[in-house]
Amino acid sequence: MQAYILVNCKSGSETNVISEFNELPEVVEINGIWGKYDIFLKIVTTDPNGVDKIVKRLRNHPDVES
């Protein structure tokens, strides 16, 4: 399964969040972007619940706002 996720971070934390998320094996692409969102992620997983697990992990990060 493949999914695209848009993330909003606390101001100034984007670089650190990108570095941390880039270490996740499911993340195949990650970019900082300008506009309404701060980070664009592309994930791929074979686990049927993999997308939900990743989203929960991202939401629980202290620097992620949405």
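Student: Why is Lys10 called partly exposed?

Tutor: Happy to start there, keeping in mind that this is a predicted model. The relative accessible area of Lys10 is 38%. Buried means under 20% and exposed means over 50%, with partly exposed in between. Lys10, at 38%, therefore counts as partly exposed.

Student: Where in the chain does Lys10 lie?

Tutor: Lys10 is in the loop between strand 1 (2–7) and helix 1 (14–22).

Student: Which residues does Lys10 touch, not counting residues up to four places away in sequence?

Tutor: Pro62, Asp63 and Glu65. For a contact, heavy atoms must be within 4.5 Å. Val51 makes a nice contrast: the C-alpha atoms of Lys10 and Val51 are separated by 23 Å, and the two residues are 41 apart along the chain.

Student: Val51 brings me to Thr45. What makes Thr45 count as buried?

Tutor: The relative accessibility of Thr45 is 9%. Buried means under 20%, so Thr45 at 9% counts as buried.

Student: And what surrounds Thr45, not counting residues up to four places away in sequence?

Tutor: With those left out, Thr45 touches Met1, Glu26, Gly50 and Val51. Thr45 itself lies in the loop between strand 3 (39–44) and helix 2 (50–59).

Student: How do you know that the side chain of Thr45 makes a polar contact with the backbone nitrogen of Asp47?

Tutor: A polar atom of the Thr45 side chain lies 3.2 Å from the backbone nitrogen of Asp47. The cut-off for a polar contact is within 3.5 Å, and the distance of 3.2 Å satisfies that cut-off.

Student: Let's zoom out. What pattern does the chain follow?

Tutor: Read along the sequence, the pattern is β-α-β-β-α, with two helices and three strands in the chain.

Student: Why is the chain called as compact as a globular protein of that length?

Tutor: The radius of gyration is 11 Å, and the globule rule gives 11 Å for 66 residues; the two are close, so the chain is as compact as a globular protein of that length. Along the principal axes, the C-alpha atoms fill a box of roughly 35 × 20 × 20 Å.

Student: How much of the chain is buried, and how much area does the chain expose?

Tutor: Buried residues are 33% of the 66 residues. The chain exposes about 4,500 Å², of which carbon and sulfur atoms supply 48%.

Student: What share of the contacts with a separation of 6 or more comes from residues 24 or more positions apart?

Tutor: Such residues account for 61% of those contacts in the chain.

Note on methods. Residues are numbered from 1 along each chain as its sequence is written. This is a predicted model: local features need pLDDT of at least 70, side-chain atom pairs count only at pLDDT 80 or more; totals for chains, interfaces and linings use all residues. Side-chain values use heavy atoms; hydrogens and water are left out. Helices (H or I, at least four residues) and strands (E, at least two) are DSSP runs, numbered from the N terminus. Buried means under 20% relative accessible area, exposed over 50%, partly exposed in between (1.4 Å probe, protein chains only). A polar contact is a pair of N or O atoms within 3.5 Å; within protein, one must be able to donate a hydrogen and the other to accept it, and residues adjacent in sequence count only if both atoms are side-chain atoms. The radius of gyration is taken over C-alpha atoms; the globule rule is 2.2 Å times the number of residues to the power 0.38. Accessible areas come from the Shrake-Rupley method with a 1.4 Å probe; for residues, only the protein chains shown count as cover.
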